[in-house]
Amino acid sequence: MTTEAPAPPSSVPESADVAAIVARLRATFATGRTRDVAWRKRQLDAMVRLLTENEPAIATALEQDLGRKPFEAWLADVASTVGEAKDAAKNVGKWTKRKQRLLEFAQLPGRGWVEYEPYGTVLVIGAWNFPFALTLGPAIGAIAAGNTVVLKPSEVAPACSALMAELVPRYLDSDAVAVVEGDGAVSQELIAQGFDKLCFTGGTEIGRRVYEAAAKHLTPVTLELGGKSPVIVAADADIPVAAKRIAWTKLINSGQICIAPDYILADATIRDELVARIGEAVATFEEGSSGKRIVNGRHFDRLTTALAATRGTVAVGGGSDAAAVEIEPTVVVDPALDEPLMTDEIFGPILPIVTVQSLDEAIDFVNARPKPLAAYLFTKSKSVRERVVKEVSSGGMLVNHLLFQFTTAKLPFGGVGPSGTGAYHGKFGFEEFSHRKSVLTKPTRPDLTAIIYPPYTEKAWKLARKLF
Ligand code: NAD
């Protein structure tokens, strides 16, 4: 067992500081400065510079906190977030335009539209596994929508948290975007300030506590949570490619990804070939990726305990090194369905493979469990794809690959039910952090409403029935 505890954040603010920071941001919002589209674009451009000019420092912090290789640091934290910021900077002018709606005949004369209004001051609580993408990423939507933003990075990645606290005020309008470092207690203290909107990324259990605390202030929430994301590998799948893609994405960040393949449902006819090919791919990819290092001793212990308790067959890996906080990429075939590997989110480099006899069995298996953040499918058949798309409910779905649903700004990213509430990325992030205010305007003359003013005559009633 390891005894290592996460390092404390570099600065834990006093209560008065938290209140003062929020008050400062509220005052900035009240000036109207953040509603200006030019201001929003400048902040989004500055976010691009923050990430690109500091890529080496970001890679070093990710290496320090997570043992991440520079390529994976760039791909998952820098490139994806830069892409989001550029997309938002380019399109924010279009997104903010009011959306005119065609009214019903009875509403005429009149005009109706949706006005995108910033909520005000927004709180973003980030997770440690992709500290930049999951803290600055939601902030992009919040800034594009014209809000002021408090960022609370995860204390579990202290070097990344400290770097964000240093860089954000250097690049962004520091009276509009502030970083508050600290742990869960600091998050709760922040939530107690009563924000106008809150976005939380983290585990489902903590998400519940965040939701409860936000409810006291009726703060609207976006909850980006976790869960067990299944991969259905159908009998007709391209097994060599499926195996490589599954192995690669399970190695990235040592499987500590909310949308990592959590477990595989493999058709019995291809199961053995899939296991063998995943084993080959792991052996090929292992040296070059960051596939073993676990974030801290607590998570290392959680994972090794779950592995020790398995009643399945360890087909690949299985070893661990407590001193180095490393766990070998491991494949477990047919674990018991009531053991921790199959009841809890794994969030590490262990991959259970469960044998199923048919596609029906795979679909029923997923649907009998909490709705996952992602559902993956490998198949060559359109009819299999259509069945899974229509019959399996999940936050998002990706066919014949994994993870890339996170790296596009063109699709909403979020969970459903226990895997989350709300979604962001691209225009969806702008909308998530905007209040859609409905505006209806009516001329005063001619005053057509006069036909239904009291006294209510039979004639007026007949006419009203026809109109409405
Ligand atoms: P976590 O829930 O432990 O922590 C997330 C954040 O919540 C941190 O900033 C932490 O300081 C804060 N926090 C901790 N206790 C709190 C409390 N009582 N009240 C308020 N805030 C509190 O999650 P984690 O360990 O950082 O990340 C792992 C989990 O997050 C996994 O379940 C994973 O699936 C999920 N996740 C989801 C997404 C997504 O986009 N949906 C992305 C990454 C991670």
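**Exercise 1. Place Val 282 in the fold and work out whether it is buried or exposed.**

Start with the secondary structure: Val 282 sits in helix 10, residues 271-285. Helices here are DSSP runs of H or I with at least four residues, strands are E runs of at least two, and both are numbered from the N terminus. This is a predicted model, so local features need pLDDT of at least 70 and side-chain atom pairs count only at pLDDT 80 or more, while totals for chains, interfaces and linings use all residues. Residues are numbered from 1 along each chain as its sequence is written, and side-chain values use heavy atoms, with hydrogens and water left out.

Next, accessibility: Val 282 counts as buried because its relative accessible area is 7% (buried is under 20%, exposed over 50%, partly exposed in between, with a 1.4 Å probe and protein chains only). Leaving out residues up to four places away in sequence, Val 282 touches Ala 247, Val 316 and Pro 329 (contact means heavy atoms within 4.5 Å). Finally, Val 282 and Ala 235 are 47 residues apart in sequence and 22 Å apart in space, C-alpha to C-alpha.

**Exercise 2. Find the side chain that makes a polar contact of 2.5 Å with Asp 262.**

First locate Asp 262: look in the loop between helix 9 (239-251) and strand 9 (263-267). At 4% relative accessible area, Asp 262 is buried. The partner is Lys 228, joined side chain to side chain at 2.5 Å. A polar contact is a pair of N or O atoms within 3.5 Å; within protein, one must be able to donate a hydrogen and the other to accept it, and residues adjacent in sequence count only if both atoms are side-chain atoms. Lys 228 also turns up among the residues that Asp 262 touches, a list including Gly 227, Ser 229, Glu 345 and Pro 352, with residues up to four places away in sequence not counted.

**Exercise 3. Which residues are closest to the ligand, and which polar atoms lie by its nitrogen and oxygen atoms?**

Of the 28 residues that surround the ligand, the closest are Gly 126, Trp 128, Glu 155, Leu 225 and Glu 345 (a residue counts if one of its heavy atoms lies within 4 Å). Now go atom by atom. A ligand nitrogen is 3.3 Å from an N or O atom in the Ser 187 side chain. Turning to the backbone, a polar atom of Gly 202 is 3.2 Å from a ligand oxygen, and one of Glu 224 is 3.4 Å from a ligand nitrogen.

**Exercise 4. Where are the cis peptide bonds that lead into Pro 109 and Pro 446?**

Leu 108 and Pro 109 share a cis bond with omega of about -5°, and Pro 109 lies in the loop between strand 1 (99-101) and strand 2 (111-118). Arg 445 to Pro 446 is cis too, with omega near 0°; for Pro 446, check the loop between strand 18 (434-441) and helix 16 (458-467).

**Exercise 5. Say whether Ser 254 and Asp 334, with their positive phi, are buried or partly exposed.**

Ser 254 has phi of about 55° although it isn't a glycine, and it belongs to the loop between helix 9 and strand 9. With a relative accessible area of 1%, Ser 254 is buried. Asp 334 has phi near 50° and sits in the loop between strand 13 (330-333) and helix 12 (340-343). Asp 334 is partly exposed, at 33%.
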